[in-house]
Each structure stands twice: as structure tokens, then as C-alpha cells.
Amino acid sequence: MMRKFVNSKLKWLALFGVVLSAGSLFAHFVLAMRTGTSVAEYTTSITVFSWRPVSDNAAGYLTAANRRRLWGPVKPLQYLHPHANPRRNYEAPSLKTNGFIFVRIQGGFHDIRNAICDAVVVSRLLNGTLIIPELQSTTSSKGISSNFKSFGYVFNEEQFIAALAKDVVIERNLPGNLKTARRKKEIPVFKVPRSTSTEFYLQMVLPVLKRHSVVELLISDGGCLQAVLPLHLEEYQRLRCRVAFHALQFRHEVQVLANKIVERLRASGQPFLAYYPGMTKDALAYHGCAELFQDVHAELIQYRRLWMIKHGIVKGNLGVDSVKQHLEGSCPLLPEEVAILLGAYGYPSNTIIYVSGGEIFGGQRLLIPLHALFENVVDRTSLCTSSELISIYGKERYLAEPPPLENLQFTKEAKVDAWKTSGPRPRPLPPPPARPKYPYNIEGWWRWVAEVDKEPEPTMIELRTNAHKLLWEAIDYMVSVEADVFIPGFDRDGKGHPNFASMVMGHRLYQSAAAKTFRPDRKVVASILEEFRDNLYESNRTWARSIHKILSQSLLDGLQQSLKHSKPLAFLSHPVPECSCMAHEATEASSRAPKSSMHHSNPLEFLGVQYPCPSWMENDTISVGDKEGEEDSDDADDSLIRQFFQRTGGRPQVANPESSNKEDVSLEDQEELEGAEG
């Protein structure tokens, strides 16, 4: 009797506990429903990551002079301003054109930007009606968003048409009859290579356009027009600038998310630095940098290089001395080397570094040295939630997982049949039964590398991911342009052309020339780092000042190198002097400059900028009110370096005083050209 009483009491207690739990869950659910809006607003307004403010760590040694040297503008370039408006007789486009120009573009993010600008210029040159270009990697058949496809998936179509209304006639689609003819492949198609001359279009394409009223241009090499045009076509260069820097704005959702990331980067009240590694598989394969890796990635790079050799993209041998390539500056600077450069220049360990661009080939492990030296290394994934990234894709249809790879080996029955019909005896014995293959042996890249001669066709999911990469790079592009400081690890792509970093540096040169943009000479950097390889993590005054000098010189000398090497390949990598003007204050500053630095007093001379800014721009010019003659203290620089390398366990070293004095003199001269003198 007693046992029944106890059992019944336990049942009632258990029932009471269940009811109580259910009530608690219901109450939490009701509260969550009522406060869902406020919670959502709070979670989207908080900073996704956090760091210790720079003032907490560096208040004792980051002086105002050092802050200007690290983050301040390059003073000589403050007189350079964007001015891409027409300067000569420039008539509006005629409504009666010679026909329609349909453009298909293939390639990555920087290829697309460059090709769109070329397509607009060609349309203006031929007096044709440009149809909104079609981006091959973002068509609806690839499984991306049905709401945002092709050109409108990345860029703002309305802005593109409105901004170029006075330059070229633009339509969204071909007329019905021409659309049908194109679908039947009845319209003339030109596959135009990069750097095609204007004479080709005027002599070969224009007659066909007039005859058929439509032509199709297939652009697959990142551009379709020569970068440097003749002097009498200088207005077409400014048209390129109007397209790239004004008409080509990203879709609204992309701009909003990029602006959010910039706001979160600046939430602490501190400036930030953007870094582009440039370590893509194609770039590493093209330039022969496989031996920078000591794992399976080296084999993948070599396989890609072999494919490039077979297709005529690379003219050279498969085996390349990667160490020699790296010392000659033909390979990207490794993240570890960039971290050493920034630390030796004086950037404190809590500097905010935004890693831009696509995924680094080799994985995040390559960024471990950068994370070890700088505690605030972030990217788009750490600055926004996955739901925020997904929201810019739009509604996409479900894609099933790709089917497993088919067995490429002959079946046992096929081998036996081949043996039976292989001709008269004596014949070899039938092949032995194949050893069993386990899934981990036949799945992944190592299977097609070993058994087929070409890479497998991309799956639907891979194609969709490639389309998403355009949006990711669009976000990184905006953040990099707005960064206080930008440094590239590499400025060439997988075909030897200027890459994403070059486009960013060109945009920064046009929009805000005085913003600090390092263009280090990789060959010089590699030689110095190799010379002091055993003491890289020690605060050695000698090599630290050498690196400081290299980065300081790169602020202006890098522009000369860009003018010489990058501009002939891609105009947008160096849109000066055609798209810039000179402020009136530049002449006065040149006359006040000391004789010792007169060759650096007016960099607009070697840049070739002679056109004076119009009067309506006077109120918008940057004020140069810093006191002349004030110089930064070298002791402050040493303290920054010591503070940085103390985190690595390095031992401070002092070089020969006489050599240090000589370096100090050259450093002071260099600080004048970068505007460090207060």
C-alpha cells in the first residue's frame, strides 16, 4: 500500500514538472515573439568582432607625428583631384546609330570591370547602340538567383544607363527580330582579344555593323581595346573613367552590406588597413610559384601550369625555380612577409587589417603568421553574418549535391572481352583483378589529376559559387577603396595582367590620390628579407630602417612603376593624367619646397598632370594646412618597432652608429616626400 502511494506521488511530481517546463517554454516563446524586432535590431547593430582599442595599447608611444606618418595622407598628392569630365568639343550621342552591339563577357571580377569599360568606348567609337552586357558567369542557367541575373546581379543597371546618357545610347535588350536571329546564330560574331587597336574596329567591325545592323562581341581576355589610346582619342580615356568610377556602381544590396562592413571597421574610432594577398591558383601557376608550398597544393599548381602550357597561355617549362622567381619579384609577397613589412614600418600589433579578395589558394593556414603578429586580422566573413551574405544572393533554387564521379577504370568484363578479341595467340595472360578502391582513394582532386588529362567540368554548385564570388569581390573592392591604407601582396593575375589589387590602386589614385597606398618593389623587399632571414623577428635597427625606406619610397616611386608597367596593360590601373587635374595650390607649394627635395616637391610633373582644376572645384580641394618643416622623431619610430617585436620574443639590436646616422639622413629626406613633416 505504501509503495503504491509513493509511486502515485512520483507520477504527480513528474507530471507537474512536465507542465511547468511546457509553461516555461511557452512563456519564452511569447516573449521572443513580442521582442523579436528589438532583438533583431540590436544584433545587427553590434560589432561582430572586437579588439582592444589602439589608445589602450599604444597611447604611450603612438605620437601625433607617428599617427600622421602611419595613417596620414601623402602630402604631395593632395593637389591631385579627380576630373573625368569632357574637356574638348564632345557631342552627345546621336539617336540614329549604326546598329546594335551585343557584348558577352567572360572572366573574373577585374576582367569584367575592364571589359565593360572597353565595350562602352567601342560603342562610342562605332556610334553603336550598346546592349547591356551579358556576364557569362552569372546567367540564370547556372542556378543563381532568378531575381538578380547577368549584369544586374552585380551592377546597378539604372545607374549605368543614366550616368552614360550623354556618352552612348544603351538599351536593355535587342529588338525581337534580332534577338531571334542571335538565338539562331545568324548574326556576325567577333571574338576580340585584349588590347585590340581602334583601327580594327573602324576597318573590320564597323562595315559589318552597318551591313547587318548588329554585331556580337565576345570578350574573354579581360578587355577588348588597347590600354593607351592615341592623343586625339584622349576623351575616350576619360570616358573609361566615367564608366569605371561613376557609372559602374554595384547593386543596392551589395553597396549597403559593404557600407555596413566599413562602419563596423571604423566602429572603434580607429583607421584600418586593407591587404590583398593575390595568391590565386592561376597567378601562382602562371608565374611559376609552386614551390612556395610544401604540400599537395604545389602539385595542384603544377598541374594547372601544365594545362596553361598545353593551351598556350604560358610559354615556358613546367619546372620553374620558384625561389628564384620569388627573389626576382615575380611571385606574391607571402602574408608573413607583409606582416614583417608593416611591423618594421611601425604599425602596432593591434592594427586593424582587412584581408580582401577571393579565397587564398592554400587556405587560411597561410595567414597564420599574419594573425600571429597582428591580433585584428579580419575579413568579410568575420564582419557580417552568414544571413547578411545570403541576403544579397536573392532567392535561389535548390541544387542537389553533385553525383559521385564515374569510375574511369575499365570494368572487369570489358578487360576480359578485350583479351578474348586481342588477336592470334600467343596472347598475354588476362589482366589480374583490380584491387578494390575505397571512396577516399577515388574522391577529390587527386583522382582526376591521376586518371584524366583535364580538369572535370564545374558542377552547378561550383558555378553558383563562382557567381557569388563576384559579389564577395564587389564588397571587398568597396572596402579596399575606402580603406585608410592599402597594400597589395601581388598585382598580376593568372595571365600576367593587372589584377584586383591594380584596379583598387587605380581607383584610389583617381578618387583620393593622397590616401596612403603602398606599392612595394617585391624584388627589393625579397632581397632584403632574404639577407636578414635569420633575424626577421628581432628589432634590428638596420634592416627595419631599410624596410621603412622601401615602403616610404613606394608611395611615389610605385606610381612611376605603375605608369611604366601596369598602365600599358590596363588603363584603369593608372588613370592619370588623363582623368585628373592639378589644384592651384600646387604651384605655390612647389616654390616653397626646399631645394634638396625639389625633384619630389611636385609629383604631378612626372605624372604628367598639367590640366588645372576648374574654378567650381576650388571649394572641394583638400586643405593643406600642416605646418611645414616639422619632422618626425626617429626615436619614436624605434619605439614602435621595439613594441611590435617584443610580442615575438625578438631581442633589440643596435646597428653601427655611423651607418645609422647615414640612414637617418636618407629617412628624413624620404619623409619630406610622403608628407610626414606635420
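Let me start with a term: a residue counts as buried under 20% relative accessible area, as exposed over 50%, and as partly exposed in between. The model on the screen is a predicted one. Serine 195 has a relative accessibility of 37%, so serine 195 goes into the partly exposed class. Serine 195 sits in the loop between β6, residues 189–191, and α9. Its phi is near 60°, which is a positive value in a residue other than glycine.

There is a second residue of this kind. Asparagine 127 has a phi near 55°, again positive and again not a glycine. Asparagine 127 is found in the loop between α5 and β3, residues 129–131. At 28% relative accessibility, asparagine 127 is also classed as partly exposed.

Now the chain as a whole. The chain has 678 residues, and 49% of them count as buried. It contains 30 helices and 13 strands. If we take the contacts between residues at least 6 apart in sequence, 83% join residues at least 24 apart.

Next, two helices that I have already mentioned, α5 and α9. Two packed helices are described by the angle between their axes and by the distance between those axes. Here α5 covers residues 109–126 and α9 covers residues 198–212; their axes come within 10 Å and cross at roughly 65°. The crossing is right-handed. Which residues of α5 and α9 meet? From α5 they are Val122, Leu125 and Leu126, and from α9 they are Thr198, Tyr201, Leu202, Val205, Leu206 and Leu209. Sorted by class, this contact has eight nonpolar residues, one polar residue and no charged residues. On the spacing of such positions, an α-helix has 3.6 residues a turn, so residues three or four places apart point the same way.

On to the aromatic residues. The structure holds 15 aromatic pairs. One of them is phenylalanine 151 with phenylalanine 155: the ring centres are 5.2 Å apart and the planes are at 40°, so this pair is tilted. Phenylalanine 151 is buried, at 1% relative accessibility, and phenylalanine 155 is buried at 2%. Phenylalanine 155 also pairs with phenylalanine 250; those ring centres are 5.7 Å apart with planes at 20°, so that pair is stacked. Why does the pair of phenylalanine 155 and phenylalanine 250 tie together parts that are apart in sequence? Phenylalanine 155 lies in the loop between α6 and α7, and phenylalanine 250 in the loop between α10 and α11, so the parts tied together are 95 residues apart in sequence. Phenylalanine 250 is buried as well, with a relative accessible area of 4%. These three rings belong to one aromatic cluster, which also includes Phe109, Phe160, Tyr276, Tyr477 and Phe500.

Phe500 comes up again with serine 480. Is serine 480 buried or exposed? Its relative accessibility is 0%, so serine 480 counts as buried. Serine 480 is part of helix α22, residues 460–482. Its side chain makes a polar contact of 3.3 Å with the side chain of serine 356. Outside the neighbours within four places in sequence, serine 480 touches Ala274, Ser356, Phe486, Phe500, Val504 and Arg508.

Another serine, serine 566, is in helix α25, residues 541–566. Serine 566 is buried, with a relative accessibility of 5%. Its C-alpha atom is separated by 8.0 Å from that of histidine 497, with the two positions 69 residues apart along the chain. Beyond four places in sequence, the contacts of serine 566 are Asp491, Arg492, Pro498, Gln561 and Ser573.

In the loop that follows, between α25 and β13, we find proline 577. Valine 576 and proline 577 are joined by a cis peptide bond, with omega about 10°.

Last, helix α15, residues 335–345. How many of its eleven residues are buried? Ten of them are, and the helix is described as mostly covered. The buried residues include Glu337, along with Val338, Ile340 and Leu341. Alanine 339 is in α15 too, and is buried at 0% relative accessibility. From alanine 339 to leucine 367 the C-alpha distance is 9.6 Å, while the sequence separation is 28 residues. Just after α15, glycine 346 takes a positive phi of about 125°.

Note on methods:
Residues numbered from 1 in each chain as written. Predicted model: local features only at pLDDT ≥ 70, side-chain atom pairs only at ≥ 80, totals over all residues. Heavy atoms only, no water. Axes fitted to C-alpha atoms, helices over the stretch in contact; angles between N-to-C directions. Helix = DSSP H or I, 4+ residues; strand = E, 2+ residues; numbered from the N terminus. Left-handed = near helix turned anticlockwise from the far one by under 90°. Contact = heavy atoms within 4.5 Å. Nonpolar A, V, L, I, M, F, W, Y, C, P; charged D, E, K, R; others polar. Buried < 20%, exposed > 50% of the residue type's maximum accessible area, 1.4 Å probe, protein only. Polar contact = N/O pair within 3.5 Å; in protein donor to acceptor, adjacent residues only side chain to side chain. Phe/Tyr/Trp six-rings, centres within 6.5 Å; stacked < 30°, edge-to-face > 60°.
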